[in-house]
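The following exercises ask the reader to work from overall dimensions and strand pairing down to single residues. Each task is followed by a solution in steps.

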Amino acid sequence: MTAPATAGADQAGHPSVDRPDLSVLLVSWNTREQTRACLDSLPAAVTPDLRYEVVAVDNGSTDGSAQLLASYPGVRAIHNARNTGYASAVNQAYRHARADLVLLLNSDVRCEPGAISALVDFLRRYPGAAGVCPQYRDVDGAIDPHCLGLPGFRALLGLAAGMRWLPGLRGPWRAYQLVGEDFSRVRPVPQPAASCLLLRRADLEPEQVFDEAYPIYFNDVRLAKRLADAGRLLWMTPEATVVHERGSSTRLMEPAMRSRHHLAGLVRYVADTQPRHRLLLLRVLTLLDRQVRGVFGIRGQLGPRDLLAALRADPGPLPGTDPSSGIEPLSDAEPSSGTGPSSDGDVRDWVVMLSGVDWRTGAHRQHALARELAVDRRVLFVESPRHHPRWRFEVQRIGPTLWRATPPTVLPAGRQLPPVNWLNRRIGAVVVRRWLDRAPGRRLAWIDEDLSTTTARHLGASAVIYDGADLDWTFTRRWNRWHVRRGMHSAVGAADLVLASSPAMEGRLPAARRPTVALPNGCDPDQFDPSGPVAPWADRLPRPLLGYAGAVDTRAFDAELLAEVARSRPDWTFLLVGPSTAAGRAPLAGLANVRLYDLVEFAQVPAILRACDVCLIPYRVGGLIDYVQPKKCYEYLALGKPVVATPLPALRHIDGPVHLGGDPESFVAAVEEALRSSACPDAVTLRRAAALRNSWSARGDQLRDLLDGLVAGR
């Protein structure tokens, strides 16, 4: 019997870098006995050569499921105090998983002997497959098809309005149901059931498997659609068989709640995948269908209020939560015009983050801290006004306790004209506060953009936090710096707590009412795991390979220094990954051993850097932004790579092994020293341990303590 692979520690107490071949992601909600049977079936379903881990999330069960998972050997158990939704719980488990293959497994599935290993073998034999599911059987052994086609609009009409018997809808409905298809042989399936589905991490997003806008239903359909749009096939193989007791958790829901969640998920899927006129047609026909049923005395499970909410893609409260104690989510499909969440009994603090970055960029300090704050608070991430006028106020729910807001922009050029900035921010404060007024709870205003103080002052916040992520005034033209610097002085002056993204930045900020607290940048050690995939094209470059990830510009990047180093060591290859400016790359022109690769997404960066022998931070010292503590430093260390950097003030005493060199000669010497230690196992372990100590999770613990102390003091 194969024991699950677990993260251990060596005798020095450093984390083990041993990774499993497979991560099993299991979610339970009040299915204790089915969960026990599912876990008991795993050892026989896995052959001895397959190392696996089980990451299980209990979603606020009250039947003892959480205690079972906590006591079950080899299971990494996570207990949520309340039901966060199936999609959110799967994503929560996924973020803790370490393997490149992830198995989504419902707690009401029992795996037959060898089933899981057969799925893994299938993906190893067929690298073109994005995922594979087993053959499902009922308790009597008969084949029980769980697979469907991807629903077209007419099939969705039949599903929403019950009109599948009409001419023109019956055929698409049967095609969606895969009526008459053969499931006794290996075959591609457009939409396999996610109750037992093996997927490749490379085909998934870095931080989520499912879109959390679909808390219970249609998240698997949305995933299958996204993979299909990317040209990736999903398969079914009868070499693996499981027994599935369908709906063990969902049948615990009230029928009206189940219907509302299902219809809301369907409407959201239509909004995400179909033209707007089809969404309108589906809503009209669904309402007409309900009216016709009422005429004939056929009562539906949804009352008028729930029906209208579902048609707005609002699923309402999650099962297992009191409808009076949980904010009803706003629709992602239909952005809010500012009406806000309904008033309820949830009185946890709100953190209103007035940010200078767009949520969609997704890889900055602000995003990581927002996710950490959302662990025990509600977070409204408010983006800055746009460059062009727009009148709509939009709010989208992007997590169980995390919302993104886009305020209106009445006039452009707010970053250049103080009166325009004041007007935009004042109007933004009005609509944000109106939205929050329907959700009781103390408000903390968070400023990381210097020009947003006007908004913060009018939110009715009990405290203001200023996060010095960067010196914003250094990013604007010289003639406009006075405006942004004045904003920074106002923001720091209004703050009850001032944070700095590096120890070196504390001296660059205006005087605050209380001592500034250093909260340095961190990293995501799971995303930058050293044993993840390697970009093949980068791995083929001549060695030694020295990598840099970031902007190649004239503000921070010292291209002159790197050019001197490259000329002195033509046998080294320099790989620069990230956007570049003409002025930034000009000193590197004509150097054959310098490769620039700028068309890359952040999710691709870890695989590229894994191919490198040494990672670099050649930043200018003594310039406008040498106060930074680059978050790439800990990302490099998380990969186990030696780091060579210029002696930035924040890196001289960093918690981690970094080689420093300030001029071409000392930089070359630092690289040579780093190359000698590149593959040393002890050095790799020390680097990885430093990254783990400085993860965003660790920063979140520090931040929560600071806010708890601030609130208690107020």
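**Exercise 1: An enclosed strand**

In this predicted model, strand β13 (residues 402–406) is largely enclosed by the rest of the structure, because five of its five residues are buried. Task: determine which residues of β13 lie on one side and which on the other, and identify how β11 and β12 are joined to β13.

Solution.
1. In a regular strand, side chains alternate between the two faces of the sheet.
2. In β13, one side carries L402, R404 and T406, and the other carries W403 and A405; all are buried, which leaves both faces covered.
3. Strand β11 (residues 378–382) runs parallel to β13 and is joined to it by four bridges. Within this pairing, V382 has A405 as its bridge partner.
4. Strand β12 (residues 394–399) runs antiparallel to β13, with five bridges between them. Here E394 stands opposite T406.
5. The connection between β12 and β13 is a hairpin with two residues between the strands.

**Exercise 2: Y466 and the strand beside it**

Task: describe the setting of Y466, starting from the strand pairing and ending with the nonpolar core.

Solution.
1. β15 (463–468) and β16 (residues 497–500) run parallel and are joined by four bridges.
2. Across this pairing, Y466 stands opposite V498 of β16.
3. From β16, L497 and L499 point one way while V498 and A500 point the other way, and all of them are buried.
4. Leaving aside neighbours within four places in sequence, the contacts of Y466 include L497, V498 and L499, and also M488, A491 and V492.
5. The largest nonpolar core has 91 residues, and Y466 is among those with the most contacts inside it, together with L380, V432, F574, L588, L609 and L616. Helix α16 (residues 559–568) gives the most to this core, with six residues.

**Exercise 3: A threonine in a loop**

Task: decide whether T476 is buried or exposed, and state which side chain its own side chain contacts through polar atoms.

Solution.
1. T476 is placed in the loop between β15 (463–468) and α14 (481–494).
2. Its relative accessible area is 15%. The limit for a buried residue is under 20%, so T476 counts as buried.
3. The side chain of T476 makes a polar contact with that of N480, at 3.1 Å.

**Exercise 4: An open sheet**

Task: give the strand order of the open six-stranded sheet and name its edge strands.

Solution.
1. The order is β20-β19-β18-β21-β22-β23, with parallel pairing.
2. The edge strands are β20 (594–597) and β23 (659–660), each of which pairs on one side only.
3. At the β23 edge, β22 (residues 643–645) pairs with β23 in the parallel sense over two bridges; V644 has H659 as its bridge partner.

**Exercise 5: The chain as a whole**

Task: assess how compact the protein chain is for its length.

Solution.
1. The chain comprises 22 helices and 23 strands.
2. Its radius of gyration is 27 Å, close to the 27 Å given by the globule rule for 714 residues, so the chain is as compact as a globular protein of that length.
3. The C-alpha trace spans about 80 × 60 × 50 Å along its principal axes.
4. Buried residues make up 56% of the 714 residues.
5. Of the contacts with a separation of 6 or more, 73% are between residues 24 or more positions apart.
6. The accessible surface comes to about 29300 Å², and 54% of it belongs to carbon and sulfur atoms.

Technical notes
Residues numbered from 1 in each chain as written. Predicted model: local features only at pLDDT ≥ 70, side-chain atom pairs only at ≥ 80, totals over all residues. Heavy atoms only, no water. Buried < 20%, exposed > 50% of the residue type's maximum accessible area, 1.4 Å probe, protein only. Polar contact = N/O pair within 3.5 Å; in protein donor to acceptor, adjacent residues only side chain to side chain. Core = buried A, V, L, I, M, F, W, Y, C linked by side-chain atoms within 4.5 Å. Contact = heavy atoms within 4.5 Å. Pairing = 2+ DSSP bridges. Rg over C-alpha atoms; globule rule 2.2 N^0.38 Å. Areas by Shrake-Rupley, 256 points an atom, 1.4 Å probe, with all protein chains shown as cover.
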